[in-house]
Amino acid sequence: MTIPVDAILIGAGNRGAETYGRWALEHPGDLRIVAIAEPDAARRTATASGHGVPAERQFSSWEDLLSFPQMARAAIVATQDQMHTAPALAALNAGYDVLLEKPMAHRLEECAALALAAERAGQVLQICHVLRYTEFYRRIHEMIQSGRLGQVITIAHRENVSSWHMAHSYVRGNWRSAGLSSPMILAKSCHDLDILCWLVGSRPSTVSSVGSLRHFRPENAPEGAPPRCTDGCPAAEACPFYAPLFYSDLEPMLRALTHARGLPYRVGAWLALHQPGLLRALAAVTPPLRRITEYDGWPRSVITGRPTDPEAVRQALREGPYGRCVYHCDNDVVDHQVVALEFGNGVSASHTMHGHSHDEGRTLRIDGSRATLLAELTWSRTLIEIHEHRGGRIERTVMPTILEQGGHGGGDQGLMRAFVSSLRGDGNQPVLTSARESLESHLLAFAAEEARLAHTVIHMADFRARAEQVGVAYLGHLKG
Ligand SMILES: NC(=O)c1ccc[n+]([C@@H]2O[C@H](COP(=O)([O-])OP(=O)(O)OC[C@H]3O[C@@H](n4cnc5c(N)ncnc54)[C@H](O)[C@@H]3O)[C@@H](O)[C@H]2O)c1
């Protein structure tokens, strides 16, 4: 039996408790959570009891936890975007190897400072770039490396955020305002910019970008729409953003599940949409169906602490931020942005991020000198096609959908395996990003935002030098 790596958990919210904490519970031989910092008492005690963390190792803030001598090898930092730098730097200073949620930080100087601090300390700082660990992107990377596409010429990559996910996270939710969290291109697409660098095998030399907040504005509200969906909105029957559809009915998720490859998913989702009474009756004798009838995950778990209680969900919509009309929120992040990149090795790429998609996920096209690759990683289908130029042969690989594979198409699990393996030094699962490599994708996001706002082209060599300078200054300022 292997000895688990011990870790402290800073932030027991959606990612901390439900993704990384759950992975530890499912892999007791690999990871053990031995202390928790979380200000929300209910979350803290629930997570602590799940992991058997005693009262003296439960803390209401990371400052309290890190004031004690080092308690474990690793620290998982899963606080909100603007609260990453201080706990991550403090954990590195205290000797922990750190798994840090993306974005590394919401400011350029802090991202650079984090990468520098990890390098100076000689400790692991792994950023949660989960996409590199999905089978989907690993296969595409291998296909490029194998030379099957020939010389890669250009890539068109899209992050198609579904309209309801956009409404949940970037209009009503935690990432709605750059001032409260970070620009959407950083929050959502630092993953994609990282993937592009990995696939191309080179760093961009120039970046430009356009985009805006086009739709989720008061002037687009249906006539007579009240501040909340549940206040008798006259558009309730027709509006695609009517909140009960997402949280009470789970309609978009269930629709996506009806396309799953696995028959039980398809049947369960179809019944939930068309025969809910029959589903409830069947669930009474078929426990797997209760995963639908008693669904307690994202996004319901974000809006209430009692996600399986329909009345608690309704109350959250009547009183909380997620019941607000999408046209009457305090949001300011873009709902569409396009980034154009020119890489040092001559490859060009575009990345389009937007929040008006019928389906959630990523699509891409890579044109090479010998073949074109077309691929989709979405909630309703996952496939890679290679179309060869000579002879026209088409190879099609179909994989389980994101929902079937779980957490970011298997990326969450792969990331955790790699983190644990790197700390053990067993070489089983290599970590695919150093903090320095992760920094690059963040710099690209900051550069894209600067380019969008100033309508200019950013030269990355200058931008990197600027980031290094402000990072060094930031660390110097902390010491002084
Ligand atoms: N890797 C990915 O693909 C991915 C996906 C989603 C979110 N994220 C990122 O993960 C991070 C967390 O997101 P989330 O949805 O779990 O947020 P969340 O709000 O659910 O969780 C954050 C938790 O931090 C806690 N917290 C606040 N102050 C604290 C303190 N002083 N000490 C300790 N804990 C404190 C909060 O109470 C909360 O429970 C964000 O930065 C987000 O952008 C990453």
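## Report on a predicted three-domain chain

In the hairpin of β13 and β14, G391 takes a positive phi near 95 degrees, and 5 residues lie between the strands. Residues are numbered from 1 along each chain as its sequence is written. The model is predicted: local features need pLDDT of at least 70, side-chain atom pairs count only at pLDDT 80 or more, and totals for chains, interfaces and linings use all residues. Strands (E, at least two residues) and helices (H or I, at least four) are DSSP runs, numbered from the N terminus.

**The sheet**

The hairpin belongs to an open sheet of 9 strands with mixed pairing, in the order β14-β13-β12-β11-β7-β10-β9-β8-β15. Two strands pair if DSSP finds at least two bridges between them. At the edges stand β14 (394-399) and β15 (458-459), each of which pairs on one side only. Two of the pairings are listed here.

| Pair | Sense | Bridges | Opposite residues |
|---|---|---|---|
| β13 (residues 382-388) and β14 | antiparallel | 6 bridges | H387 and I394 |
| β9 (residues 336-343) and β10 (residues 348-357) | antiparallel | 7 bridges | V338 and T352 |

Helix α19 (residues 435-454) packs on the sheet and touches β8 (204-212), β9 and β15. The direction of α19 makes about 55 degrees with that of β8. Axes are lines fitted to C-alpha atoms, for helices over the stretch in contact, and angles run from 0 to 180 degrees between N-to-C directions. Residues are in contact if their C-beta atoms, placed from the backbone, lie within 7 Å.

**A helix pair**

Helix α12 (residues 263-274) packs against helix α13 (residues 276-285) at about 130 degrees, with the axes 6 Å apart. This angle makes α12 oblique to α13; under 35 degrees counts as roughly parallel, over 145 as roughly antiparallel, 65 to 115 as roughly perpendicular and the rest as oblique. G268, L271 and A272 of α12 meet P276, L278 and L279 of α13. This contact has 5 nonpolar, 1 polar and no charged residues. Ala, Val, Leu, Ile, Met, Phe, Trp, Tyr, Cys and Pro count as nonpolar, Asp, Glu, Lys and Arg as charged, and the others, Gly among them, as polar.

**The ligand**

The ligand is surrounded by 25 residues, and the closest are G11, G13, N14, R15 and E101. A residue is near the ligand if its C-beta atom, placed from the backbone, lies within 6 Å of it. The shell holds 10 nonpolar, 8 polar and 7 charged residues. Helix α1 (residues 14-26) gives the most to this shell, with 3 residues.

How values were computed: Two residues are in contact if their C-beta atoms, placed from the backbone, lie within 7 Å.
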